[in-house]
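Reader: Hey, could you walk me through this one? I'm new to this, so plain words please.
Author: Sure, let's put it up and go through it bit by bit.

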Amino acid sequence: NILIIGACGQIGTELTLALREKYGNDHVIASDIREGGESLMASGPFESLDATQYSAIEDVVMHYEIEEVYLMAAMLSATAEKFPMRAWNLNMNSLFNVLNLAKEGKISKVFWPSSIAVFGPNTPKENTPQNTIMEPSTVYGISKQSGERWCEYYFKKYGVDVRSVRYPGLISWKTLPGGGTTDYAVEIYHEAIKNKRYTSFLQKGTKLPMMFMEDAIRATMAIMEAPTEHLNIRSSYNLAAMSFAPEEIASSITAEIPDFIIDYDPDFRQEIADSWPSSIDDSQARKDWGWEPSFDLKNTTKEMLTNLN
Ligand code: VAH
């Protein structure tokens with residue numbers, strides 16, 4: 001059986017629904033600190049669970065005979081800057097709990113999400129390589145870089161089968177994102193439909209790596225199903241689909257909603273975005289486990305506007 005920790009979040013919600021579709025509702029246990037939307041809650045077993053409590057996770061793992069854990073609980077980049085110690089505690093202790101359950105042999109496989117936030121201001125910005133300088137300047141990025149080091153350590157030292165991808169900014173319609181810097185790329189669609197206008201908290205020209213959620217879910221399931229001998233990276237794989245700046249997503253919307261307008265009012269999240277790469281080289285993921293994106297900006301915008309309408 002599979003346990004998703006943080007099942008009510010932006011990725012967790014869609015990952016839970018996709019895993020239930022593939023493996024059967026009763027084989028996929030959703031858990032989170034708070035309940036989720038009705039489609040998630042109605043589709044299978046749910047457990048209220050604090051990801052920082054080892055024994056609470058252990059109880060759920062033993063009760064449901066869990067073999068695989070997807071740890072999707074975390075505090076994202078913008079919120080983590082407001083509560084650094086709470087972010088560090090949640091992001092790191094939840095990972096230690098799950099890695100230690102695997103080390104104790106209580107679960108056999110772990111998925112843990114990293115992020116392009118592991119890169120920092122002096123990382124090469126274009127086509128950022130799999131292995132390069134990474135001096136993250138955000139609490140969230142520091143927790144993801146440190147988490148990657150621990151994943152690789154537990155794999156090498158204890159044989160823990162933990163797998164990870166560095167997600168770019170993710171665009172989805174089923175749930176709202178929580179506290180990220182790339183959330184503007186989700187909010188813009190909601191505002192375009194509601195008010196035909198959006199004030200972006202990132203300025204023109206802020207180009208960031210992005211991905212439609214369907215691609216992100218497919219990548220997650222692909223790396224988890226890959227034969228272990230294909231995986232040469234046990235920190236976290238670079239993953240990419242597209243890169244764009246706010247004015248580009250705006251013009252893809254104007255193509256569908258002609259009188260949509262955008263204006264710009266950058267806030268503290270601008271500095272976070274400026275520390276991240278503009279585009280990512282994901283050739284290692286393509287080579288090792290056949291990664292291939294399928295959504296570009298045009299069809300992402302079509303999907304978002306169709307489903308939000
Ligand atoms: C955030 N959506 O903005 C997350 C993600 C690359 C961005 O890590 O914090």
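Reader: Which helix do E191 and K194 both lie in?
Author: E191 and K194 both sit in helix α7, residues 184-195, 3 residues apart, about one turn of the helix. Helices here are DSSP runs of H or I with at least four residues, strands are E runs of at least two, and both are numbered from the N terminus. One thing to know early on: this is a predicted model, where local features need pLDDT of at least 70 and side-chain atom pairs count only at pLDDT 80 or more, while totals for chains, interfaces and linings use all residues. Residues are numbered from 1 along each chain as its sequence is written, and side-chain values use heavy atoms, with hydrogens and water left out.

Reader: OK, and what do the side chains of E191 and K194 meet in?
Author: A salt bridge, at 3.9 Å, N to O. The term means a side-chain nitrogen of Lys or Arg within 4 Å of a carboxyl oxygen of Asp or Glu.

Reader: Why can side chains pair like that?
Author: Side chains can pair because their charges are opposite, when the charged atoms come close.

Reader: Is K194 buried or exposed?
Author: K194 is exposed, because its relative accessibility is 62%. E191 is partly exposed at 22%. The cut-offs are under 20% relative accessible area for buried, over 50% for exposed, and partly exposed in between, with a 1.4 Å probe and protein chains only.

Reader: How many salt bridges are found in the whole structure?
Author: The search finds 16. One of them joins the side chains of D215 and R218 at 2.6 Å, N to O. D215 and R218 are about one helical turn apart, because they are 3 residues apart in helix α8, residues 213-225.

Reader: And D215, buried or exposed?
Author: D215 is buried, with a relative accessible area of 0%, whereas its partner R218 is partly exposed at 36%.

Reader: What about D282, which residue does its side chain meet?
Author: That would be R286, in a salt bridge of 2.6 Å, N to O. D282 is buried with a relative accessible area of 5%, and R286 is partly exposed with 33%. There's also a network: R149, E152 and K156 are joined by salt bridges that share partners.

Reader: Switching topic! Which residues touch the most other members of the largest nonpolar core?
Author: Those are L3, I5, I107, Y184, Y189, F244 and I249, in a core of 65 residues. Helix α5 gives this core its largest share, 7 residues. A nonpolar core is a set of buried Ala, Val, Leu, Ile, Met, Phe, Trp, Tyr and Cys residues joined through side-chain atoms within 4.5 Å. There's a second, separate core of 33 residues too, and M72, A216, M221 and Y237 are among them.

Reader: What is Y189 in contact with?
Author: Leaving aside neighbours within four places in sequence, the contacts of Y189 include I171, I249, L297 and M304. Contact here means heavy atoms within 4.5 Å.

Reader: Back to α5 for a sec. Where is S94 found, and is S94 buried or exposed?
Author: S94 is in helix α5, and it counts as buried because its relative accessibility is 0%. Outside the four places on either side in sequence, S94 touches A51, L71, A73 and N89.

Reader: And M85, buried or exposed?
Author: M85 is exposed, at 64% relative accessibility. M85 is in helix α5 as well, which covers residues 84-103.

Reader: How far apart in space are E14 and M213?
Author: Their C-alpha atoms are 7.9 Å apart, although E14 and M213 are 199 residues apart in sequence. E14 lies in helix α1, residues 10-23, and is buried at 9% relative accessibility. Not counting neighbours within four places in sequence, E14 is in contact with S172, W173, K174, M213 and I217.

Reader: What about S39 and T228?
Author: The C-alpha atoms of S39 and T228 are separated by 33 Å, with their positions 189 residues apart along the chain. S39 belongs to helix α2, residues 38-42, and S39 is partly exposed at 46% relative accessibility.
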